[in-house]
Each structure stands twice: as structure tokens, then as C-alpha cells.
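User: Please examine the structure shown below. I should like to go through its packing, its pocket and its charged pairs by question and answer.

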Amino acid sequence: MDVSFEEPPLSEAAYDVGDTVVAVKDLRNDGTFPEPGISVGDVLVETGTVGHIHGVGVYLQEHIVYAVAFSNGRVVGCLERELDLVTAAPGREAGERP
């Protein structure tokens, strides 16, 4: 039995390290946020909070996830649909793929 896994290519990422983004919805703890005292379902980042992309990776070999450092001090893993671009990183035009 041949088993192969295909990850989405990071060239399909909408955002890149250094981009400034904004949360388009409240981001809640899905159980993966490691801070003690934060329960599943608690809001980590409120709608409209600005942040900066610090990393891009793949989760479950299926989803491109962005490590975003938000202005409230939290670094949260986000999906593309949870973010909107404010400013592209220097040297990159808005709308241009990383």
C-alpha cells in the first residue's frame, strides 16, 4: 500500500512574513493555545486587532497557518479566512503572492 501526503505549497500562501494584517473576526481558543488560564472558547484576539505575520506553516498537512503577533501581545495561529491584509511587507506589493 502506497501512502502519500500532499501539503499545500507555501507558494499559495496569501500572506508573508512581515505583512501587517487585521483579525476579521474574534479569534477564540480552540484548545491549542498554550497559556494557562485561557479556556477553550475564550477570545484570544478581538475583531479589528492588528498584527504582523511572523511565520507561515502547514497544519495537518492541509491548511496554511500564519503565526501572527497581535498588538495585544499574543501570538496566535490563524487561517487565511480569519485575516485581512493591512500593509504588505516592504518589497512586496499588496495582492502579490509571497
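User: Which residues does Leu-83 touch, not counting residues up to four places away in sequence?
Analyst: The model is predicted, so local features need pLDDT of at least 70 and side-chain atom pairs count only at pLDDT 80 or more, while totals for chains, interfaces and linings use all residues. Residues are numbered from 1 along each chain as its sequence is written, and side-chain values use heavy atoms, with hydrogens and water left out. A contact means heavy atoms within 4.5 Å. On that basis Leu-83 touches Tyr-15, Val-21, Val-22, Ala-23, Val-24, Ile-53, Tyr-66, Val-68, Phe-70 and Cys-78.

User: Which element gives the largest share of the largest nonpolar core?
Analyst: A nonpolar core is a set of buried Ala, Val, Leu, Ile, Met, Phe, Trp, Tyr and Cys residues joined through side-chain atoms within 4.5 Å; buried means under 20% relative accessible area, exposed over 50%, and partly exposed in between (1.4 Å probe, protein chains only). The largest such core has 18 residues, and Tyr-66, Val-68, Phe-70 and Leu-83 have the most contacts inside it. Two or more residues each come from strand 1 (20-23), strand 3 (43-45), strand 5 (63-70) and strand 6 (75-78), where strands (E, at least two residues) and helices (H or I, at least four) are DSSP runs numbered from the N terminus. The largest share, four residues, is that of strand 5.

User: How many strands are there in the protein chain?
Analyst: Read along the sequence, the chain follows the pattern β-β-β-β-β-β-β. Helices number zero, and the strands number seven.

User: How is the lining of the largest pocket divided by residue type?
Analyst: On a 1 Å grid over the protein atoms alone, a pocket is an open set of points where a 1.4 Å probe fits, with protein on both sides within 12 Å along at least five of seven lines, and lining residues have an atom within 4 Å of a point. The largest pocket has 17 lining residues, with Asp-30, Thr-32, Val-76, Gly-77 and Cys-78 nearest its centre, and strand 6 supplies the largest share of the lining, four residues. Ala, Val, Leu, Ile, Met, Phe, Trp, Tyr, Cys and Pro count as nonpolar, Asp, Glu, Lys and Arg as charged, and the others, Gly among them, as polar. The division is 10 nonpolar, four polar and three charged.

User: Which residue forms a salt bridge with Glu-35?
Analyst: A salt bridge requires a side-chain nitrogen of Lys or Arg within 4 Å of a carboxyl oxygen of Asp or Glu, and the count by this rule is one. Glu-35 lies in the loop between strand 2 and strand 3, and its partner lies in the loop between strand 5 and strand 6, 39 residues apart. The closest N and O atoms are 3.7 Å apart, and the partner is Arg-74.

User: Is Glu-35 exposed, partly exposed or buried, and why?
Analyst: The C-alpha atoms of Glu-35 and Arg-74 are separated by 9.7 Å. Glu-35 has a relative accessibility of 35%, and therefore counts as partly exposed.

User: Where is Ser-71 found, and which residues does it touch beyond four places in sequence?
Analyst: Ser-71 is placed in the loop between strand 5 and strand 6. Ser-71 is exposed because its relative accessible area is 63%. Its contacts, leaving out residues up to four places away, are Thr-49 and Val-50.
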